[in-house]
There are 2 protein chains.
Amino acid sequence: MSLVVVGSVAYDSIETPLGARTDMLGGSGTFFSIAASAFTKTSLVAVVGEDFAKDDLALLESHGVDLAGLVTAPGRTFRWGGRYHDDMNSRDTLFTELNVFESFEPVLSPAQRESGFVFLGNIQPKLQDHVLEQVRSPRFVAADTMNLWINVARTELCDVLRRVDALFVNDEEARMLTSKRSVVLAAREIQALGPSLVVIKRGEHGAIVFNDDDIFYVPAYPLERVVDPTGAGDSFAGAFVGYLEATGDLSPENVRRAAVVGSLMASFCVEGYGVERLKRIDRIAVRERYQAFAELVRFGALDV
Amino acid sequence: MSLVVVGSVAYDSIETPLGARTDMLGGSGTFFSIAASAFTKTSLVAVVGEDFAKDDLALLESHGVDLAGLVTAPGRTFRWGGRYHDDMNSRDTLFTELNVFESFEPVLSPAQRESGFVFLGNIQPKLQDHVLEQVRSPRFVAADTMNLWINVARTELCDVLRRVDALFVNDEEARMLTSKRSVVLAAREIQALGPSLVVIKRGEHGAIVFNDDDIFYVPAYPLERVVDPTGAGDSFAGAFVGYLEATGDLSPENVRRAAVVGSLMASFCVEGYGVERLKRIDRIAVRERYQAFAELVRFGALDV
């Protein structure tokens with residue numbers, strides 16, 4: 001198996017101005033794996049509780065996700081609850097029940113240790129490091145993080161950053177990590193910490209990709225209706241890294257394509273609650289929306 | 001003269017996290033005219049006070065702005081003061097001194113009444129209507145507005161909207177005008193009120209252009225340093241409408257080019273205080289940054 005992801009598998013309860021849902025399948029590992037499945041198979045390293053539903057296991061398996069690294073531990077599955085504000089761009093966490101996630105110690109199988117592509121989902125930097133230690137000779141390592149780890153585990157996070165090729169953060173996190181107001185300067189400073197590829201995610205405004213000296217701006221797809229933004233960032237990363245692994249091409253041109261594929265998968269994700277829309281996306285839907293992205297930003301040469 | 005603009009000419013005092021300036025030349029009419037001057041000459045309908053500096057008149061004239069419609073009235077020039085927040089995306093108004101602007105009644109000269117292109121800057125909708133009444137047979141009318149008029153003069157604003165081809169608003173204003181959360185749905189609803197072309201400006205995130213059924217996403221240029229965001233929206237509109245007037249081509253393809261030109265001129269504007277950077281931009285600088293925009297969003301066909 002060539003793409004291994006460590007992250008959370010969770011049950012999410014969310015409230016939006018449009019409605020509410022309880023105990024939906026979620027978590028960074030879940031969104032990442034399902035998004036990546038349009039291009040490649042992932043091997044998921046995660047933990048669930050004894051309450052984890054067979055249907056949800058079956059859903060992951062039907063997307064070709066290798067579950068050899070999914071541990072079932074005594075207790076309940078990680079649960080998260082959040083409420084989105086009117087603009088759907090910001091949210092409050094209502095509760096976090098770590099449950100089995102609290103004592104999660106990711107252990108990679110012999111096959112997973114040979115992975116070429118690694119995604120370190122948004123977990124404690126020490127655990128990210130622990131995973132990375134176990135991979136023998138990765139070709140491409142990408143990581144996600146969040147404001148919590150920037151605040152309470154900056155040193156450990158910087159240790160991880162020295163060893164990754166790519167970091168996915170939102171603009172607020174990029175500013176926190178660097179104290180730079182300009183996302184351009186923030187990205188440059190993060191590059192100096194390690195990752196040559198820095199993806200600044202901006203929610204409904206898309207993302208800016210800093211890949212060595214190359215700067216690429218990918219929009220978010222303008223949607224008539226955003227149902228549930230949960231998992232958009234992980235879907236972005238899943239499609240991005242999954243596409244790179246599937247093509248095996250890390251050239252700047254292909255990284256740009258990967259970013260478009262990431263943004264389009266995020267746009268599918270937010271069109272449904274949890275994974276309900278994402279899980280239905282196939283290669284044909286991806287190709288169609290890719291064309292729509294090309295049309296969205298197309299313009300001709302200046303004639304004055 | 002074929003492009004007439006009605007708007008404010010002001011002295012702005014601004015504070016940003018980087019510094020402060022007092023009594024700089026500003027106002028929607030000023031930014032619009034100077035931005036448009038890269039492509040065409042504008043005829044400015046506005047009012048200034050007896051304190052208006054000869055140097056500032058000379059600056060406008062040096063950009064080919066026709067000042068036959070610039071009235072000097074007894075009293076002081078319109079003044080505005082604002083303080084930008086740390087993110088440079090939001091600001092507080094510190095003071096507004098209408099001064100001579102309070103009794104401004106725009107009167108167009110016989111030549112201005114024959115204009116083909118009209119820009120109604122962000123002034124009271126009744127005044128926008130009064131200007132429009134005076135133009136004999138315009139080919140293209142664009143308008144700007146703001147939250148104040150949406151709140152206190154919605155009926156008059158809707159009267160104006162029925163008669164314009166294009167509206168420039170930010171996403172907050174679009175949502176206020178329509179009560180739609182989605183900018184796509186908000187733009188559709190504004191189109192139903194009159195303008196077939198709706199430009200939703202999003203500050204550092206660029207703009208989305210809804211032109212009948214065509215949707216175009218233009219990024220903002222990622223800058224290392226934003227000095228002063230004042231006038232970015234008016235510079236956007238000035239370059240956009242000025243380019244359309246200069247080319248005389250209202251095709252969807254050319255409207256896309258106009259939007260890029262608008263966004264790039266806004267990016268120049270915010271690189272200096274007031275008009276200090278904008279006033280130095282020539283056709284060569286425009287062409288170079290246009291190429292940079294093309295490079296910024298370029299991506300190839302999908303190969304999976």
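**Close-up 1. Packing of helices α3 and α5 in chain B of the predicted model.** Helix α3 (residues 125-134) of chain B packs against helix α5 (residues 154-161) of chain B at an angle of about 30°, and their axes lie 8 Å apart. Because angles under 35 degrees count as roughly parallel, α3(B) is described as roughly parallel to α5(B), and the crossing of the two helices is left-handed.

**Close-up 2. Residues at the contact of α3(B) with α5(B).** From α3(B), the residues Pro125(B), Lys126(B), Gln128(B) and Asp129(B) meet Glu156(B), Leu157(B), Asp159(B) and Val160(B) of α5(B). Sorted by class, this contact comprises three nonpolar, one polar and four charged residues.

**Close-up 3. An open four-stranded sheet in chain B.** The strands of this sheet follow the order β3-β2-β6-β7 (chain B), and their pairing is mixed. Strands β3 (19-26) and β7 (91-97) of chain B stand at the edges with a single partner strand each, so that one side of each has no neighbour in the sheet. From one strand to the next, the twist averages 15°. Strand β6 (residues 79-84) of chain B runs antiparallel to β7(B), to which six bridges join it, and Arg83(B) stands opposite Asp92(B) in β7(B).

**Close-up 4. The relation between chains A and B.** Chain A is superposed on chain B, with an RMSD of 0.0 Å, by a rotation of 180° with 0.0 Å of shift along its axis, and the two copies are therefore related as by a two-fold rotation axis. In chain A, the C-alpha of His205(A) is the one nearest the axis, 3.1 Å from it. The copies meet through the same surface, because 92% of the interface residues of chain A are also interface residues in chain B.

Conventions:
Residues numbered from 1 in each chain as written. Chains lettered and ligands numbered in written order. Predicted model: local features only at pLDDT ≥ 70, side-chain atom pairs only at ≥ 80, totals over all residues. Pairing = 2+ DSSP bridges. Axes fitted to C-alpha atoms, helices over the stretch in contact; angles between N-to-C directions. Least-squares fit on C-alpha atoms with pLDDT ≥ 70 in both. Contact = placed C-beta atoms within 7 Å. Parallel < 35°, antiparallel > 145°, perpendicular 65-115°, else oblique. Left-handed = near helix turned anticlockwise from the far one by under 90°. Nonpolar A, V, L, I, M, F, W, Y, C, P; charged D, E, K, R; others polar.
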